[in-house]
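Work through the exercises below with the sequence and the 3D structure open. Each task is followed by a solution in steps.

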Amino acid sequence: MINPLMTGNAPAADVQDLESLGICALKRGQYFSSMPEYYVDRDQAKCIKCLVCVRQCPYEATFYSAEMNIVTNRHENCINCRRCEAMCPTKCIRIKRWGSGFRPNEHWTEKHIRSLYKQADTGGVLLTGCGNDLYYSTYFDRIVLDASQVTNPSIDPLREPMELRTFVGRKAERIDPSGNGQGKPSTQKFPNLVCETPIIFAPMSFGAISYNFQEGLAIAASEAGTYFDTGEGGLHPNFYKYGKRAIVQVASGRFGVSADYLRSAAAVEIKIGQGAKPGIGGHLPGEKVTAEISRTRMIPEGSDAISPAPQHDIYSIEDLRLLIYAIKEATEYTVPISVKIAAVHNVAAIASGIVRAGADIVVIDGFRGGTGAAPTIIRDHVGIPVELALAQVDQRLRDEGIRHLASIIAAGGIRNSADVVKAIALGADAVYIGTAAMLAVGCTLCQQCHRGKCAWGITTNRSDLLPRLPIDYAAERLSNLLHAWSHEVKEMLGLMGLNSIESLRGNRLKLRAVGMTEEESRILGITHAGI
Amino acid sequence: MEYVIVGNSFAGMFAVEAIRSVDRDGRIILIGDETERLYSRALIHEYLGGLIDESLIYLRDDAFYDRMQVTLLAGRRAEKLLPDDHALVVDGETIGYDKLLLAVGGAPFVPPGIDGLEKFKDSVFTFTRLSDARLLSELVKGREKIVVLGAGLIGMQAADAFVHLGKDVTVVELADHVLPLALDELAAQLVQEEMELANVTFHTSDSVARLNGKAGKLKSLTLQSGKEIPADLFVIAIGVRPNIGWLKDTGLIVDRGIVVDEHMRTSLDDIYAAGDCAQGLELISGSRIVLATIPIASEQGMIAGLNMAGQAAEYQGGIPLNALQFGRLQIISYGYVKERKGQEVISVFNESQSAYKKIVLEDNRIAGALFVRAIDRAGLFRYLIEEKVDVSPFKNVLLSDDFGPAALPTTIRDEMFTTRRSRIHRPALQTVSPA
Amino acid sequence: MKAVYPIATRCIDCHLCEIACIIEHSQTKSPVSAHFLEGLQFNWQLSRGYADPAEAKAAVRPSPLSRCRVSANSFRFISTMCRHCEVAECVLACKNGALYRDASGRVLVNEKKCIGCWMCIMACSYGAITRNIDRQNVPGVAGNGVNHHCDLCPNRRTPACVYVCPTQALAYEER
């Protein structure tokens, strides 16, 4: 049986008391807060009492009653991670919505009501994982791609090479063919990341994610010729061998930042903010800080790792410039320096300032970006869609004549290769994928990452759960994902009559809007379909 | 090569198989003083008690000797050993050998000083052979009150057999509890109670002084304590001694049994010994002891056979081990389960289940382990004892229901399960011609 | 000879290997009937506190017996089964020769001959043998049964446990 070291985000003390009686007694107005959200529906005729589901559930939602000879559930603990469904050898389990609910109310939805109850119970801030799940317009879904018909014929990717290779970093203002007297152009060259595909693994810190998952990302990135990002958790000593595929982050908590850390990497990323929680710092709950994480982040075991909201040495754009150049000096100008911001109001002006401050890469993280832990209210209501931010940043930098000084990486809810193509067409040089990478290795988006009990071994470092994601499985599946998407991107380039990512970048002409207002189309810089 | 093996039981049988695994050409002569087909001495009690079908007691099929190309001299007794001539006298006939294995086992010990053994000899038996069982099964039809002297393994099994035959059974034992070598006081108490449920009467700390009766018919026994108990059949089962009397004056070094080294060699050239007659290394005490149990006899026979055939196999040593069942109580014990001063004991006793687990530790190594009813995976303790594993890192889980390989240190666990290599037989790389 | 070797670092304590073993060795090969209608044996996972298989069977749910077994201790898991040792301790301890090695090298039991004396359980240093009380050759003895251990799935190309393990924590190979 699982013998957890930590209890994770245990239910409030009152609820634990209730369990000692074995029944759900009510306390101090907690009528519906511990009401189940999900119902574990079991076909008892097919249940062979193998107890795999009992052992696989880290949330203690499933148990076996020897007296009754029956496997049954504490439905109130089920968070719909679906691990039991997946592992059941006779497929007799189905996780359903609980079913009974409040009178339908478009304004006060069930989610609003239950969240409010919980806050009245505890007085606390509600935390969650993953990305914004509320209904907001996803602009990618209202953008369609051009295809070549008759004029400007399409290119067949099976016959012609498709250039997915992307250089991410500062470019020279112009090519200087005058030569240096040795037959080579004398164009100044700046350090760039060389990505064989314009898809890079998003920052996910060791601590937020498991050791096995991070190594899988590193291996898949190495094989595909792209990069992974350490997030703000530092780089585990065992992963220094992947250093040349790693973008390391310098975040406000400066976790794990040392001279070796900076020098081992392919790029250094200064994290100002992230799309899931703009304006506040990262949060790794104490339950998830194991010995390994404590060592990597250089913090005490079991203590919450909270990054401050601002970087406390960056209070103006000049401060940012100082930090960027300090890191460039430390790395001897051999690697590109990136600055990551969340997509917020006036993102274009901010991005312009960042580029002028000397950043080689600007990462724009939209509000659909995922997180290991964030206050739900912030995740769901702060920030703007990456599509809009991206288009504006790209246009602004072009208008100011500084687009060549930095590459743009778009992040935040990229779901498929069409989103990749659209993002590049809107102005990105490359994209980050975070949630997509997690889904590739088995995530079911149950949004419980912050509790450190991930049943799939993805966002936990508990020793009993880690083996659930074997490193070779993770690497293989992530490689498969990159391979599949890259192939699809090639197909889409070809059908558009393009044969390189370069020709796609910022090429708004390849996009059309469907069902958008004029203003939205204008902000995105794309014409409505039909024209 | 002429291989001669004296003794047709476990040691001899495994020696034959071991020799043939290496040498298909050498001649093997196997001498046994019984005419029975190769049978398991351990099952004669069940056979007597009518518990098992006769077909289940035979160790190998009829074609075994032919298949192994063994010349069997059954019903023949080896009388004299002529080591200088490399020969053996068998019922007057001289048989030469290149390699000789003495696997002659043990003979039942009859204590001196019991009055009346000769007078009532038709009612007095020892019980170590199938022929004894056959005889007793006929004889016992007219008898009701059976007294067994000795509550060791053979005595208790004999008692058990008579219980199944519906007889009135009494057991007399010199020690203060039954099975004094295999069990501790608590386990012995459980066994005794279990047997008492089947109406067996026990007299411990006692012995038999005199047989009483009239006209050659046994009527009762007088115990050392003075008690008189009714008896019409008397079974002496106080133990076996290695059958080495006939080896006197041969120059063979004997103690309780025939002393052997790690290649099962005796002190005489080309002579090996194995099984209940041999005295080999006991791992816990580090000294040489006769360990008369089947696994030890089989292993020693196998190692002896390999060495006789030129393979330098080494016997790693053994420990006392027992697997018994009385009534509902299945019992497995290893090593020395009665703790001495300075040894640590951990145990758990579930009275309602009669389930008892006990470990005796010395310097963090297991010196004895006893399991009553909770015998699953007991064998892991054999590994821990024989490999002299320091159990301090996982001492607290030794007695848990869950104890298993996951609790062992990684190096040990990997050594156990990443290979099929045997722990007990680590052959040397090249064959060595024995000196 | 190929045998099954556990890779402990990959084990996730799911016990699907045990379930696959039970189904493979059942008559019907159907998960539900294999688990409920065929065996009336002792399931060690649920047998805590019952030392005797027969009593456990009566008190706990009846369920067939697996030949491999997952062991768990704190965060470490491993599934172990008979190694078919090159020199088998159980064969050397068997009271009547019911345990033997067949031509393929596997150590097997003649279920008609085994008398359930449990010398093999005593002898097996790897804890690989359990008591199968579904079959008794000595009915007069309480709790009698026969030897039960891994037979390397003679009717399959790859043993069932190896095949079903979700993290490939069991390897079937020559070593």
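**Exercise 1.** Is A:Ser294 buried, partly exposed or exposed, and why?

Solution. Start with the cut-offs: a residue is buried if 20 or more other C-beta atoms lie within 10 Å of its own, exposed if 12 or fewer, and partly exposed in between, with C-beta atoms placed from the backbone. A:Ser294 has 16 other C-beta atoms within 10 Å, so this residue is partly exposed. Next, place the residue: A:Ser294 belongs to helix H7 of chain A, residues 291–297. Helices (H or I, at least four residues) and strands (E, at least two) are DSSP runs, numbered from the N terminus. Then list the contacts, where two residues are in contact if their C-beta atoms, placed from the backbone, lie within 7 Å. Without neighbours within four places in sequence, the contacts of A:Ser294 are A:Val289, A:Ile299, A:Pro300 and A:Glu301. Finally, A:Pro157 is 137 residues from A:Ser294 in sequence, and 48 Å separate their C-alpha atoms.

A note on the source: this is a predicted model, in which local features need pLDDT of at least 70 and side-chain atom pairs count only at pLDDT 80 or more, while totals for chains, interfaces and linings use all residues. Residues are numbered from 1 along each chain as its sequence is written, and chains are lettered from A and ligands numbered from 1 in the order in which they are written.

**Exercise 2.** Which residues does A:Arg74 touch, not counting residues up to four places away in sequence?

Solution. First find A:Arg74 in the loop of chain A between strand E3 (70–73) and helix H3 (83–87). With the stated exclusion, A:Arg74 touches A:Glu60, A:Ala61 and A:Phe63. A:Tyr59 is 15 residues away along the chain, and its C-alpha atom is 9.5 Å from that of A:Arg74. For exposure, count the C-beta neighbours inside 10 Å: there are 17, so A:Arg74 is partly exposed.

**Exercise 3.** What are the domains of chain A, and how many residues of domain 1 are in contact with domain 2?

Solution. Domain bounds come from an automatic or database domain assignment. For chain A this gives domain 1 (13–128) and domain 2 (143–173 + 184–528). Taken over C-alpha atoms, the centres of these two domains are 35 Å apart. In the contact between them, 14 residues of domain 1 of chain A meet 15 residues of domain 2 of chain A. The domain 1 side consists of eight nonpolar, four polar and two charged residues. Here Ala, Val, Leu, Ile, Met, Phe, Trp, Tyr, Cys and Pro count as nonpolar, Asp, Glu, Lys and Arg as charged, and the others, Gly among them, as polar.

**Exercise 4.** How many residues of helix H8 of chain B are buried, and what covers them?

Solution. Helix H8 of chain B spans residues 379–386, and eight of its eight residues are buried. Among them are B:Leu380, B:Phe381 and B:Tyr383. The cover includes strands E22 (321–326), E23 (329–335) and E26 (365–372) of chain B, together with helix H5 (119–123) of chain C. After H8(B) comes B:Lys388, with a positive phi near 50°.

**Exercise 5.** In the open sheet E18-E20-E21 of chain B, which strands stand at the edges?

Solution. Two strands pair if DSSP finds at least two bridges between them. The sheet has three strands in the order E18-E20-E21, with mixed pairing. E18 (258–259) and E21 (288–289) of chain B are the edge strands; each has a single partner strand, so one side of each lacks a neighbour in the sheet. Strand E20 (residues 278–281) is antiparallel to E21(B), and two bridges join them. B:Leu281 has B:Arg288 in E21(B) as its bridge partner.

**Exercise 6.** Which of the two pairs of chains that touch has the most contacts?

Solution. The pair with the most contacts is chains B and C. There, 48 residues of chain C are in contact with 55 residues of chain B. The chain C side has 26 nonpolar, 13 polar and nine charged residues. Between chains A and C, 19 residues of chain A are in contact with 19 residues of chain C. Helix H2 (residues 52–56) of chain A gives the largest share of the chain A side, three residues. Chains A and B do not touch, and their nearest C-alpha atoms are 10 Å apart.
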